[in-house]
Amino acid sequence: MNRDLPQDLPPDGPRDLPGAPHLDRCHGRRLDRRRDPLLDLGAVLAAALLVTAAALVGTSIERRHHTLFVRWPPLFAQWEPHLGPGTPAALAVAVAVVAYGPLLARRLPWRALLWASWGTATAWTFSLALVDGWQRGIAGRLTATNEYLTVIDRFHDIPATLRDFTHHIVSHSPAPWPAHIAGHPPGATVTFVLLDRAGLAGGGWAGVWCIVAGAAAPAAVLVAVRALAAEELARRAAPFLVLAPAAVWVGASADGYFAAVAAWAVALLALAVTGPRPRATGFAAGLLLGLTAYLSYGLTLFAVIAAAVLLLGSRRLRPLPYVLAGLAVVPLLFTLLGFNWWEGYRLLVTRYYEGVGGVRPYGYWVWANLACTALIVGPATVAGLRRTVATAVREGPRALRRPHVLSPEPRLALLALAALLALLAADLSGMSKAETERIWLPFAMWSLPTCAFLPRPRAWLTAQATLALLLNHLLLTGW
């Protein structure tokens with residue numbers, strides 16, 4: 001008899017030996033990994049069915065009741081197959097990123113990777129926008145009836161205009177603001193006023209600003225993922241952040257610019273709670289978080305993502321006073337200049353329900369908005385989110401009890417799930433009905449790094465690029 005084995009060894013094998021439960025768990029994980037590709041495809045199929053249902057049901061509602069106010073449900077777009085001057089460039093960028101993106105993401109020095117991500121995302125976004133041509137795709141976007149540049153001349157005295165801003169939000173007020181100006185705090189419009197005064201006047205410069213600024217969001221997400229999870233995960237996510245279908249709506253909308261400001265606020269906060277300079281990065285993070293609240297009322301939900309960052313930080317309390325100090329700057333400035341944020345939001349709710357927001361059916365958009373989200377993040381992110389949820393379930397309560405000691409993958413999962421929670425809160429609020437493919441860009445950026453969980457990145461990148469190219473060439477998007 002083998003003396004190395006206990007005498008009471010059960011006849012069916014060593015399952016009762018010390019360590020055997022671990023072996024069983026490992027065996028179960030191997031089985032899970034074998035099922036993962038099928039589960040990923042199942043998640044993508046479910047998302048495709050959701051989009052199909054939103055399109056079919058939405059088309060029926062719009063034909064019968066005309067209450068959706070979109071031409072190609074669930075997207076604010078119209079069917080218009082077309083090519084443009086950006087088509088060859090978009091194809092070239094897509095092929096290059098699919099072929100060389102994963103390799104370069106592994107090998108480039110970290111700072112070079114950040115610059116390359118920004119540059120490539122800029123090229124991708126510009127090329128997609130130019131599929132519609134310079135005027136229709138870039139220069140004319142922010143000069144349309146409801147856009148920011150139509151009111152530049154009303155801001156000749158910025159402090160006086162800010163004091164009077166809330167008097168023009170509701171529809172029946174004298175000289176009411178156009179929809180996008182009324183629907184946002186004045187920080188958004190003041191940005192374009194300052195561009196105009198800096199000599200960058202007109203729709204062309206405004207469109208370029210939104211694209212170049214918006215394309216910086218992927219680099220910010222990479223910084224945060226590296227700080228909070230692991231550099232390896234950030235590198236694996238980089239090509240997906242660059243080649244996201246969301247770029248169709250980043251170029252050229254102000255929400256792309258908002259997404260970048262919010263992303264860098266989170267990135268700086270991540271550096272503050274993990275890095276050696278909590279004062280400077282904490283103050284800068286607070287400054288940008290304060291700015292996000294004055295660019296879009298809905299971006300106050302970034303408090304959920306900021307809370308997740310603090311939970312994941314190894315020194316979560318040390319930078320907090322500096323974050324709060326920075327956070328106070330922009331609200332204090334706008335308040336001293338005469339704008340009341342709370343009053344502005346209260347009047348916006350009135351304006352929202354006076355217009356199409358009060359007509360669009362909540363019962364449709366509360367789930368059709370999620371179909372829009374599936375389109376902007378793409379099939380790879382849908383599969384990545386499926387793996388994210390699986391990771392969170394596997395970790396269980398430990399993820400919330402001691403999140404700062406988790407391994408990298410659960411940490412990234414917690415960050416992504418916080419962004420998903422913020423998005424769902426926006427959805428349930430009823431203040432986001434339609435056009436969420438543009439409005440939710442800031443939240444969508446934080447689901448993209450979950451693609452780092454996926455094997456065979458080139459296959460998934462091909463799916464991402466294909467979806468973006470099809471959307472941009474078959475539909476004419478607008479807002």
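Start with the largest cavity in this predicted model: 13 residues line it, and those nearest its centre are Thr 125, Pro 218, Leu 241, Ala 247 and Met 445. Which elements give two or more residues to that lining? They are helix 3, helix 10 and helix 11, the last of these running over 247-250. Helix 3 has the largest share, with three residues. As for the space inside, it comes to about 80 Å³, and the structure holds just one cavity of 30 Å³ or more. Sort the lining by class and you get eleven nonpolar residues, two polar ones and no charged ones.

Two of the residues named there, Pro 218 and Leu 241, turn up again where helix 9 meets helix 10, so let's go there next. Helix 10 covers residues 231-242, and its axis lies 8 Å from that of helix 9, at an angle of about 160°. That angle makes the two helices roughly antiparallel, and their crossing is right-handed. On the helix 9 side, the contact is made by Pro 218, Val 221, Leu 222, Val 225 and Arg 226, while helix 10 brings Glu 231, Leu 233, Ala 234, Ala 238 and Leu 241. Taken by class, that contact has eight nonpolar residues, two charged ones and no polar ones.

Helix 9 also takes us to the second largest pocket, since helix 9 (217-228) is one of the elements that supply at least two residues of its lining. The others are helix 3 (110-130), helix 5 (158-164), helix 7 (187-197), helix 8 (203-214), helix 12 (254-274) and helix 15 (320-336). Helix 12 gives the most, with six residues. In total 30 residues line this pocket, and if you want to find its centre, look for Trp 118, Ala 216, Ala 260, Val 261 and Trp 264, which lie nearest to it. The pocket holds about 810 Å³ of space. What classes make up its lining? There are 24 nonpolar residues, with three polar and three charged ones besides.

From that pocket, follow helix 15 to its partner, helix 13, which spans residues 278-293. The axes of these two helices come within 6 Å and cross at roughly 35°, and the crossing is right-handed. Quite a list of residues makes the contact: helix 13 offers Pro 278, Arg 279, Gly 282, Phe 283, Gly 286, Leu 287, Leu 289, Gly 290 and Leu 291, and helix 15 answers with Tyr 322, Val 323, Ala 325, Gly 326, Leu 327, Val 329, Val 330 and Pro 331. By class, they divide into twelve nonpolar, four polar and one charged.

Last stop: the largest pocket, with about 1000 Å³ of space. Where should you look for its centre? Of its 38 lining residues, Gly 183, Leu 348, Tyr 352, Met 431 and Ile 439 lie nearest. The elements that give it two or more residues are helix 6 (179-182), helix 16 (341-354) and helix 20 (436-439). Helix 16 contributes the most here, with six residues. The lining of this pocket divides into 20 nonpolar, 13 polar and five charged residues.

Note on methods: Residues are numbered from 1 along each chain as its sequence is written. This is a predicted model: local features need pLDDT of at least 70, side-chain atom pairs count only at pLDDT 80 or more; totals for chains, interfaces and linings use all residues. Side-chain values use heavy atoms; hydrogens and water are left out. On a 1 Å grid over the protein atoms alone, a cavity is a set of points where a 1.4 Å probe fits but cannot get out, and a pocket is an open set with protein on both sides within 12 Å along at least five of seven lines; lining residues have an atom within 4 Å of a point. Grid points are joined across faces, edges and corners, and a volume is the space filled by probe spheres set on the points. Helices (H or I, at least four residues) and strands (E, at least two) are DSSP runs, numbered from the N terminus. Ala, Val, Leu, Ile, Met, Phe, Trp, Tyr, Cys and Pro count as nonpolar, Asp, Glu, Lys and Arg as charged, and the others, Gly among them, as polar. Axes are lines fitted to C-alpha atoms, for helices over the stretch in contact, and angles run from 0 to 180 degrees between N-to-C directions. Angles under 35 degrees count as roughly parallel, over 145 as roughly antiparallel, 65 to 115 as roughly perpendicular and the rest as oblique. A crossing is left-handed if the near helix is turned anticlockwise from the far one by less than a right angle, and right-handed if clockwise. Contact means heavy atoms within 4.5 Å.
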